[in-house]
Amino acid sequence: VMSLANNTATTSGSWETASNWSLGTVPVAADNVVIPAGFAMTINAAGDYCGSLTIAATGSLLISANKSLYIGGNLSNAGTFTVNPGSTVQFYGFSNSTITGGGAYAISGTISLNMATAATALDVQDANFITGINAGGKYYFSFQQGTWKMDNAGTLNDCYNSGSNSALTIPYGVVIEVDNGTMYLCKNAPTNSAILSGKLNIIAGNLFVQAGQALNSGQDFRYKVNGGTPQVYISGGNLSIGAGLNALTATDYVDFHMTGGFLFLAYSGYSDNITFQLANVVGGKTF
């Protein structure tokens, strides 16, 4: 999204107050927003927008409970970014976006991924963003469309559908790509609550699915055809699954493509179903 101009905070206060901004207007999707050093801005509404967002060192942005911000470009935070419980930050870029800056985060709301296409990436380069999700302790995500690119040395402790502590859906049109660091997905999800319809792409680093379950509890990671072919691609790194990887129903299939790295199954115990199933169904592929 090309911006007409930067819209820079000129004083601390409410995001929704036009006089607090250099353009004299509340930021819109076409504005690259800048919060300079020493300024503290607060979002008090649902449905605020910006293009890129830059927070300078000692600057801050707080999203109040049950409010939301939609970011269409890059997020660069060298200051403090707080996402209160019940609130949402949605990344909806029309082109690849990055998260950088090395600032501080406290994220207790939902991180929403809804990029222009499945291949449009949100490149999470700042490990502090991951630390902020861990600090918030909710691990709420809304994966709608796009590529979540884990591209830092951090460790994401867990990941669930927004509002849940036991279910995660990776829909068709969403790619979870691990290039570095470690991600834990739905540690405590029971059977049929961790569903892959999109793509896992492990290039380097570590991805753990349902790794927190009790020994021999038999909880499976299931793939389900819903809109297109589920995919598991491993070219490096490690994919570890707590029990089994198998089809949700007899008509489901997967595109499994492994050229390097490691796959660990029954990491936490056995599966009640097939520990490793590449379903012999038309539409599935194995490489």
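**Entry 1: terms and model**

Two strands pair if DSSP finds at least two bridges between them, and the strands themselves (E, at least two residues), like the helices (H or I, at least four), are DSSP runs numbered from the N terminus. The model I looked at is predicted, so I kept to local features with pLDDT of at least 70 and to side-chain atom pairs at pLDDT 80 or more, while totals for chains, interfaces and linings use all residues. Residues are numbered from 1 along each chain as its sequence is written, and side-chain values use heavy atoms, with hydrogens and water left out.

**Entry 2: the whole protein**

I looked up the secondary structure and found one helix and 31 strands in the protein. The radius of gyration, taken over C-alpha atoms, is 20 Å, and the globule rule (2.2 Å times the number of residues to the power 0.38) gives 19 Å for 287 residues, so the protein is as compact as a globular protein of that length. I noted that the C-alpha trace spans about 60 × 35 × 30 Å along its principal axes.

Of the 287 residues, 49% are buried, where buried means under 20% relative accessible area, exposed over 50% and partly exposed in between (1.4 Å probe, protein chains only). The accessible surface (Shrake-Rupley method, 1.4 Å probe) comes to about 10,800 Å², and carbon and sulfur atoms account for 51% of that area. For contacts (heavy atoms within 4.5 Å), I looked at residues at least 6 apart in sequence, and 61% of these contacts join residues at least 24 apart.

**Entry 3: the sheet that starts at E2**

I traced an open sheet of five strands in the order E2-E4-E7-E10-E13, with parallel pairing. Its edge strands are E2 (13–14) and E13 (104–107), each of which pairs on one side only.

Going in from the E2 edge, I found that E2 and E4 pair in the parallel sense over two bridges, and that Gly 13 stands opposite Met 41 in E4. E4 is joined in turn to E7 by four bridges, again with the strands running parallel, and there I noted Ala 40 opposite Ser 60 of E7. E7 (residues 60–63) and E10 (residues 80–83) also run parallel and are joined by four bridges, with Val 83 in E10 as the bridge partner of Ile 63.

I then checked the side chains of E4, bearing in mind that in a regular strand the side chains alternate between the two faces of the sheet. Along E4 (residues 40–43) Met 41 and Ile 43 point to one face and are buried, whereas Ala 40 and Thr 42 point to the other and are not. Met 41, the residue opposite Gly 13, is therefore on the buried face, and Ala 40, the residue opposite Ser 60, is on the other.

**Entry 4: the sheet that starts at E17**

I traced another open sheet of five strands in the order E17-E21-E24-E27-E30, where the pairing is parallel. E17 (155–156) and E30 (262–264) stand at its edges with a single partner strand each, so one side of each is left without a neighbour in the sheet.

Between E24 (residues 206–209) and E27 (residues 238–241) I found parallel pairing over four bridges, and in E27 the bridge partner of Phe 208 is Ser 240, while that of Asn 206 is Asn 238. E27 pairs with E30 in the parallel sense over three bridges, and Asn 238 stands opposite Phe 262 in E30.

**Entry 5: aromatic rings**

I searched the whole structure for aromatic pairs and got 14, taking rings of Phe, Tyr and Trp (its six-membered ring) with centres within 6.5 Å, and calling planes under 30 degrees apart stacked, over 60 edge-to-face and the rest tilted. Tyr 49 and Tyr 92 have ring centres 5.7 Å apart and planes at 80°, so I recorded the pair as edge-to-face. This pair links distant parts of the chain, 43 residues apart, since Tyr 49 is in strand E5 (residues 48–50) and Tyr 92 is in the loop between E11 (88–91) and E12 (97–100).

Tyr 92 also makes an edge-to-face pair with Phe 94, with centres 6.2 Å apart and planes at 85°. I compared the accessibilities: Tyr 92 is buried at 11%, Tyr 49 is partly exposed at 33% and Phe 94 is exposed at 57%. Tyr 49, Tyr 70, Tyr 92 and Phe 94 form one aromatic cluster.

**Entry 6: charges over rings**

I last looked for charges over rings (NZ of Lys or CZ of Arg within 6 Å of the ring centre and within 35 degrees of the ring normal). The charged end of Lys 187 sits over the ring of Tyr 184, 4.6 Å from its centre, and Lys 199 lies over the face of Tyr 233 at 4.3 Å from the ring centre.
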